2 protein chains.
Amino acid sequence: MIPTDTHDTGTCQRISELLSRIGDKWTLLIVRALGQGPKRFSALKRELGSISQKMLTRTLRNLERDGFVDRKVTPVTPPQVEYALTPLGMDLFRPIAALAEWTFAHADAIDAARHAYDARHPDPDHRAA
Amino acid sequence: MIPTDTHDTGTCQRISELLSRIGDKWTLLIVRALGQGPKRFSALKRELGSISQKMLTRTLRNLERDGFVDRKVTPVTPPQVEYALTPLGMDLFRPIAALAEWTFAHADAIDAARHAYDARHPDPDHRAA
DNA sequence: CCGCATCCCGTCCGATACTG
DNA sequence: CAGTATCGGACGGGATGCGG
């Protein structure tokens with residue numbers, strides 16, 4: 001039994017909200033990149049490769065709003081903007097790292113479960129051709 | 001600095017995938033409910049209150065496919081289906097609980113950051129009227 | 001260099017209605 | 001009781017073009 005009794009429904013939804021935020025397509029990659037040290041906008045974009053400016057800007061804004069990332073604008077020409085993790089942002093990624101290690105450790109168990117399930121359910125429709 | 005060097009980009013995306021899955025609207029609530037012991041479909045629906053049958057079914061299916069939940073059908077009339085966490089499912093929610101506690105501990109820091117940000121950015125448009 | 005605005009598509013999710 | 005089918009709105013996210 002999991003000791004869930006310390007977490008009520010409201011707390012649970014709050015966690016879910018956070019998970020949704022950091023579980024999106026780009027957040028983890030961006031934070032990982034910033035974990036190596038402060039980076040400029042273009043450097044991030046280059047490092048992530050396939051991300052669009054729109055999503056990079058939006059994700060950074062969300063991270064900034066939540067207090068995980070700090071945005072420093074140097075008003076020169078051309079403009080120069082540097083992003084860095086805040087202490088809170090670094091702290092967040094301790095439990096995230098734990099989850100990451102769990103995922104890494106159990107990735108093949110999950111894969112196996114999926115394959116077994118798919119084999120048990122020969123339904124060709126809702127699993128892409 | 002976060003020790004991210006043990007996690008390459010591929011691993012990072014994998015984690016992101018898992019986070020997206022469990023960070024959806026209902027998964028955590030359902031797992032928390034099942035953490036108290038096996039439950040039947042209707043019992044879950046009653047407990048969660050506002051969830052639709054569609055989402056409950058879909059979420060349970062996903063959890064089952066990933067090997068986190070076991071589905072036991074008792075072919076009587078009326079039909080009877082019971083859901084329970086698998087050992088893998090219970091194990092997963094150790095790191096999740098750690099993250100939950102972090103969230104609980106820092107919830108007001110995040111709120112404060114958001115309010116500060118919103119105050120700094122008096123943009124009435126993209127934040128609901 | 002950095003970021004915003006627009007268009008557009010796919011997916012998520014809720015509401016409703018129907019079946020074994 | 002447990003589940004499926006269908007419709008429709010909301011949102012995420014990519015492509016492109018414009019402006020400090």
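**View 1. Chain B laid on chain A by a turn of 180 degrees.** In this predicted model, a turn of 180 degrees, combined with a shift of 0.0 Å along the axis, lays chain B on chain A with an RMSD of 0.1 Å. This is therefore the relation of a two-fold axis. Both copies use the same surface, since 100% of the contact residues of chain B recur in chain A.

**View 2. The interface between chain B and chain A.** The contact between the two chains joins 59 residues of chain B to 59 residues of chain A. The area buried between chain B and chain A comes to about 5500 Å², and carbon and sulfur atoms give 66% of this area. Of the area that chain B buries against chain A, 13% is supplied by Arg32(B), Arg65(B) and Arg114(B), which is more than any other three residues supply.

**View 3. Salt bridges and polar contacts across the interface of chain B and chain A.** Across this interface there are 8 salt bridges, and one pair joined by a salt bridge is Asp66(B) and Arg114(A), whose closest N and O atoms are 2.6 Å apart. The interface also has 18 residue pairs in polar contact, with both residues at pLDDT 80 or more. On the side of chain B that touches chain A, the elements giving two or more residues are α1 (9-22), α2 (27-35), α4 and α5 (87-120) of chain B. Of these, α5(B) gives the most, with 24 residues. When the residues of this side of chain B are divided by class, 27 are nonpolar, 14 are polar and 18 are charged.

**View 4. The surroundings of DNA strand D.** Around DNA strand D there are 19 residues, and those that come nearest are Lys25(A), Lys54(A), Met55(A), Ser42(B) and Arg71(B). Of the atoms of DNA strand D that come within 4 Å of the protein, 66% belong to sugar and phosphate. In chain A, a side-chain N or O atom of Trp26(A) is 3.3 Å from a phosphate oxygen of DNA strand D. In chain B, a side-chain N or O atom of Tyr83(B) is 3.0 Å from a phosphate oxygen of the strand, while a polar side-chain atom of Arg40(B) lies 3.1 Å from a sugar or linking oxygen. At least two residues of the surface near DNA strand D come from each of α4 (53-65) of chain A and α3 (41-48), α4 (53-65) and β3 (80-85) of chain B, and α4(A) gives the most, with 4 residues. This surface has 8 nonpolar, 4 polar and 7 charged residues.

**View 5. The surroundings of DNA strand C.** DNA strand C is surrounded by 19 residues, of which the closest are Ser42(A), Arg71(A), Lys25(B), Lys54(B) and Met55(B). Sugar and phosphate make up 69% of the atoms of DNA strand C that come within 4 Å of the protein. A side-chain N or O atom of Tyr83(A) is 3.0 Å from a phosphate oxygen of the strand, and a polar side-chain atom of Trp26(B) lies 3.2 Å from a phosphate oxygen of DNA strand C. For Arg40(A), a polar side-chain atom lies 3.0 Å from a sugar or linking oxygen. The surface near DNA strand C takes at least two residues from each of α3 (41-48), α4 and β3 (80-85) of chain A and from α4 of chain B, with α4(B) giving the most, 4 residues.

Technical notes
Residues are numbered from 1 along each chain as its sequence is written. Chains are lettered from A and ligands numbered from 1 in the order in which they are written. This is a predicted model: local features need pLDDT of at least 70, side-chain atom pairs count only at pLDDT 80 or more; totals for chains, interfaces and linings use all residues. Side-chain values use heavy atoms; hydrogens and water are left out. A residue is near a molecule or strand if one of its heavy atoms lies within 4 Å of it. A polar contact is a pair of N or O atoms within 3.5 Å; within protein, one must be able to donate a hydrogen and the other to accept it, and residues adjacent in sequence count only if both atoms are side-chain atoms. Ala, Val, Leu, Ile, Met, Phe, Trp, Tyr, Cys and Pro count as nonpolar, Asp, Glu, Lys and Arg as charged, and the others, Gly among them, as polar. Contact means heavy atoms within 4.5 Å. Buried area is the accessible area (1.4 Å probe) that two parts lose on being put together, summed over both. A salt bridge is a side-chain nitrogen of Lys or Arg within 4 Å of a carboxyl oxygen of Asp or Glu. Copies are superposed by least squares on the C-alpha atoms of residues with pLDDT of at least 70 in both.
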